[in-house]
Amino acid sequence: MQHYDVVIIGGGHNALVAAAYLSKAGKSVLLLEKLDYLGGAATSSYTFEGIDAKLSRYSYLVSLLPQQIIEDLGLEITLAPRRYSSYTPNPHGASGLLVDKADRGATKDSFDAFSKKDFEAWNSFYSKTEYIAQRLFPTVLEPLKTRSEIRTLLGENFETFFERPIGDVITESFESDLVRGVVMTDALIGTFAPNSDQELDANRCFLYHVIGGGTGDWNIPVGGMGQVSGSIAAAAKRFGAELVTAAKVLSISPTREVEYELAGKHHKVNADFVLSGISKNQLSKLLPTIEPEKVQGAQVKVNMLLTRLPKLKDVSVSPEAAFGGTFHINENFEQLDAAFRAASRGEIPDPLPCEIYCHSLTDPSILGPELRATGAQTLTVFALHMPHSLVEKHGNDELREKAQLAVLKSLNSVLAEPIEDLIYRAPNGELCIETKTTQDLEDALGLPGGNIFHSPLSWPFVEDHEDLATPELRWGVATGVDRVFFCGSSAMRGGAVSGIGGHNAAMAVLES
Ligand SMILES: Cc1cc2nc3c(=O)[nH]c(=O)nc-3n(C[C@H](O)[C@H](O)[C@H](O)COP(=O)(O)OP(=O)(O)OC[C@H]3O[C@@H](n4cnc5c(N)ncnc54)[C@H](O)[C@@H]3O)c2cc1C
């Protein structure tokens, strides 16, 4: 049986980061990915047949990938900032809120239409999250600190953002329902929770959305998300890691024998360490001593190619500005809570809260030159409060169809022309639109219940009484099985395109 220092299960971007660090450190590394490409949920694809548009099919924005990983591994990744933070049309009126980082005066005027106090409140609120980001983000590539240490690091902000439901803090901080909603959305991405979430899942989700890079900015990966994973894979190969696609891992023994299937044949290797780049639930199927966890996703993702940007009902904002940042639709605070209640009853929320991103406005390089010349633009919609439980109620095919209609209806409520008229038609006659339910994500990528983070997001610290005696506990990558570590989103501080899980697992191996 062939022996490796480290065998890595899965070939998502985190697993690739682990492979790169470990092979750079001189370890023999075998990485096994069941799909025919590397990158997992961080990938680009020619989604529509005959169309020269390489879409970030699943994840699309980057905030949490530390510069240190880019430098350590010599990655060729360019992250383009967006001038506009967000645009949010008023669902009950003609105007909208445009947050323009390059024009403070215009942004203040835009806030003033909704509340005379909220521009000040916004600046004060986000100066607190920036304070947290600047202190917390540099710790994510270090061994875990304790709750008390992080409390000391963050001072009074700890209580505000870590101990009280974030929705309550938002309600107290802002006056306008629309402004409250814009802030709240960061707490609900892929997270099914009410606004006043006593479990604090929404707080954890919020936290990871505001600390990235020490600023909380979300940037566009130039060339698409596939460029991010591709660059990490290239580094791992350069350092000598063996990366094998179309290799499905079938089982892992407690003594770290890994059985996998490649081209119809079964193979077995063993290793000093096994790293799991797959979710805890998937790992439990390969290594039954690991307990599965209850977890579900809560979103629908729609990718589209448009002939051009649509016109808005709000004529005071250009489509280029509105689609230049995050475009929030029907995401007022009350609408978010109503959507949560509707989905909890098994209904598809109406209106469906959605946020939209246009990659090609900031980075047209993902479109071929001919397509670019026509003025075509890509659109990514991430709809909230579509929990996996709806799949059981409606059936997956029916849910996909209904969800797509709900997304288009929600969009149309703020557009001056029907979005359907602008969807590009491929040479084969099909419309360039694809919709992915939580079930579709589970089927394609193995995300449990379609949860985009693999597992419930963790606090970026351990409780004071918790044991930090071993490297895997210190780095937050322990699975409970000797020398089998998480290296993906299921690791503590994992979740999102960050490479943090991969880096920290590699450090735990090197320290062991
Ligand atoms: C629709 C969507 C939108 C998102 N948007 C963003 C965003 O904009 N920004 C952001 O930061 N994050 C976003 N995320 C989250 C982010 O993409 C993920 O958290 C991250 O990519 C997970 O990376 P990973 O390497 O940990 O695991 P994954 O990317 O999930 O990779 C796991 C890999 O393991 C493979 N695998 C599974 N089972 C086996 C087996 N038995 N044998 C071999 N291989 C196996 C899978 O095929 C997969 O390639 C989004 C996710 C989704 C789904």
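Here are a few notes on the ligand's surroundings and on one pair of helices.

1. Before you start, keep in mind that this is a predicted model: local features need pLDDT of at least 70, side-chain atom pairs count only at pLDDT 80 or more, and totals for chains, interfaces and linings use all residues. Residues are numbered from 1 along each chain as its sequence is written, and side-chain values use heavy atoms, with hydrogens and water left out.

2. Look at the ligand first. There are 35 residues around it, and Glu33, Ala41, Leu61, His454 and Val497 come nearest (a residue counts if one of its heavy atoms lies within 4 Å). By type, the shell splits into 18 nonpolar, 13 polar (Gly is counted here) and 4 charged residues (Asp, Glu, Lys or Arg).

3. Now the polar contacts (pairs of N or O atoms within 3.5 Å). A ligand nitrogen is 2.7 Å from a polar backbone atom of Leu61, and a ligand oxygen is 2.8 Å from one of Val497. The protein buries 97% of the 1,000 Å² that the ligand exposes when taken alone (Shrake-Rupley areas, 1.4 Å probe).

4. Which strand gives the most to the shell around the ligand? S11 does, with 3 residues (strands are DSSP E runs of at least two residues, helices H or I runs of at least four).

5. Finally, try helices H4 (residues 118-136) and H8 (residues 177-184): their axes, lines fitted to C-alpha atoms over the stretch in contact, come within 11 Å and cross at roughly 20°. That makes H4 roughly parallel to H8, because angles under 35 degrees count as such.

How values were computed: Polar contact = N/O pair within 3.5 Å; in protein donor to acceptor, adjacent residues only side chain to side chain. Axes fitted to C-alpha atoms, helices over the stretch in contact; angles between N-to-C directions. Parallel < 35°, antiparallel > 145°, perpendicular 65-115°, else oblique.
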